[in-house]
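This briefing introduces a single protein chain to a reader who has not met it before. Please look over the sequence and the structure shown below before turning to the notes that follow.

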Amino acid sequence: MPEDDRAFTTRLARYCARNPVALERPTYDRAAKAVTYRSDKSEGPTAGTETADPLEFLARVLVHIPDQSHVTTRYYGWYANRPRGRRRQAEPTAVDAPPMIIPAPRVAPTEATRRWAVLLPQIFEVDPLACPTCRGAMRLVACITQRSGIDPILTHLCTRAAHAAHADARSPPSTRARASRGAPRAPRPPAAAPTVP
């Protein structure tokens with residue numbers, strides 16, 4: 001790829017990092033037994049929606065899943081196996097010289113936040129600092145690294161997601177409920193009159 005073509009490099013990295021199908025775009029119609037896929041493009045040959053048979057849709061998705069042991073990443077030039085092996089042979093052994101450790105340059109917190117917030121949208125097309133409710137700008141308050149603080153947050157998020165999925169999901173129809181709704185009710189037997197001795 002050309003060294004100065006940053007737009008192409010970004011598209012290639014996004015293509016490699018993302019799944020071939022976004023989970024929010026396909027919808028399945030049980031009555032018609034068809035899958036409708038909605039594109040995120042407003043113009044071009046792939047714009048709009050497309051409806052396909054479920055088996056055909058699965059077959060088209062499976063094309064993007066590589067076979068077992070299939071090489072998906074190939075290295076050339078400096079990163080190829082042969083140059084790396086030659087460099088390893090030319091380097092002194094561990095007994096002769098200690099391994100060289102290059103410390104990562106320390107980045108100011110504001111710069112690190114800016115880099116993180118700029119790089120994520122390039123791959124996932126989602127702004128991590130935009131509020132999902134009002135789309136206002138959020139700011140980074142803290143980075144939680146302790147397990148005692150992470151576990152309750154993840155438990156709460158999983159519980160909330162499970163409740164939301166359960167509220168949106170429809171239970172399968174019950175044949176017993178349908179029969180009781182459609183069939184006329186049987187008349188109640190008359191109450192027995194009290195007997196007086």
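**Briefing on the predicted model**

Apart from neighbours within four places in sequence, Thr9 is in contact with Met1 and Pro2. The model described here is predicted. Its chain has 6 helices and 3 strands, and Thr9 is found in helix 1. The notes below begin with the chain as a whole and then turn to particular residues.

**The chain as a whole**

- Read from the N terminus, the elements follow the order α-β-β-β-α-α-α-α-α.
- The chain has 197 residues, and buried residues make up 8% of them.
- The accessible surface of the chain is about 18,600 Å², and carbon and sulfur atoms account for 59% of that surface.
- Of the contacts between residues at least 6 apart in sequence, 20% join residues at least 24 apart.

**Helix 1 and the nonpolar patch**

- Helix 1 covers residues 6-17, and Leu12 has its place there.
- Thr9, also found in helix 1, has a relative accessible area of 32% and is therefore partly exposed.
- Leu12 likewise is partly exposed, because its relative accessible area is 32%.
- A nonpolar patch on the surface is formed by Met1, Phe8, Leu12 and Tyr15.
- Together, the residues of this patch have about 450 Å² of accessible area.
- Met1 thus appears twice in this picture, as a member of the patch and as a contact of Thr9.

**Ser39 and its surroundings**

- Ser39 is located in the loop that runs between strand 2 (34-38) and strand 3 (49-52).
- Is Ser39 buried or exposed? Its relative accessibility is 14%, so Ser39 counts as buried.
- The side chain of Ser39 reaches the backbone nitrogen of Lys41, at a distance of 3.1 Å.
- When neighbours within four places in sequence are left aside, the contacts of Ser39 are Thr46, Ala47 and Gly48.

**Salt bridges around Asp40**

- Side chains of opposite charge can pair when their charged atoms come close.
- The structure holds 5 salt bridges, among them one between Arg25 and Asp40, whose closest N and O atoms are 3.0 Å apart.
- This pair links distant parts of the chain, 15 residues apart: Arg25 is in the loop between helix 1 and strand 1 (26-29), while Asp40 is in the loop between strand 2 and strand 3.
- Asp40 also forms a salt bridge with Lys41, and here the closest N and O atoms are 3.7 Å apart.
- Arg25, Asp40 and Lys41 are thereby linked in a network of salt bridges.
- Which class of exposure applies to Arg25? With a relative accessible area of 15%, Arg25 is buried.
- Asp40 is partly exposed at a relative accessible area of 43%, and Lys41 is partly exposed at 44%.
- Lys41 takes part in the salt bridge with Asp40, and its backbone nitrogen is reached by the side chain of Ser39.

**A salt bridge within helix 5**

- Arg147 and Asp151 form a salt bridge in which the closest N and O atoms are 3.3 Å apart.
- How many residues apart are Arg147 and Asp151 in helix 5 (residues 147-168)? They are 4 residues apart, which means that about one helical turn separates them.
- Arg147 is exposed, with a relative accessible area of 65%, whereas Asp151 is partly exposed, with 35%.

**Cysteines**

- The count of disulfides comes to 0.
- Why does Cys131 form no bond with Cys134? The sulfur of Cys134 is the closest cysteine sulfur to that of Cys131, yet it is 3.7 Å away, which is too far for a bond; a disulfide requires the sulfur atoms to be within 2.5 Å.
- The same holds when one starts from Cys134, because its closest cysteine sulfur, in Cys131, is 3.7 Å away and too far for a bond.
- Cys131 counts as buried at 16% relative accessibility, whereas Cys134 counts as exposed at 58%.

Definitions and conventions
Residues numbered from 1 in each chain as written. Predicted model: local features only at pLDDT ≥ 70, side-chain atom pairs only at ≥ 80, totals over all residues. Heavy atoms only, no water. Helix = DSSP H or I, 4+ residues; strand = E, 2+ residues; numbered from the N terminus. Buried < 20%, exposed > 50% of the residue type's maximum accessible area, 1.4 Å probe, protein only. Polar contact = N/O pair within 3.5 Å; in protein donor to acceptor, adjacent residues only side chain to side chain. Contact = heavy atoms within 4.5 Å. Patch = residues over 30% accessible without salt bridge, like charges linked within 9 Å, V, L, I, M, F, W, Y side chains within 5 Å. Areas by Shrake-Rupley, 256 points an atom, 1.4 Å probe, with all protein chains shown as cover. Salt bridge = Lys/Arg side-chain N within 4 Å of Asp/Glu carboxyl O.
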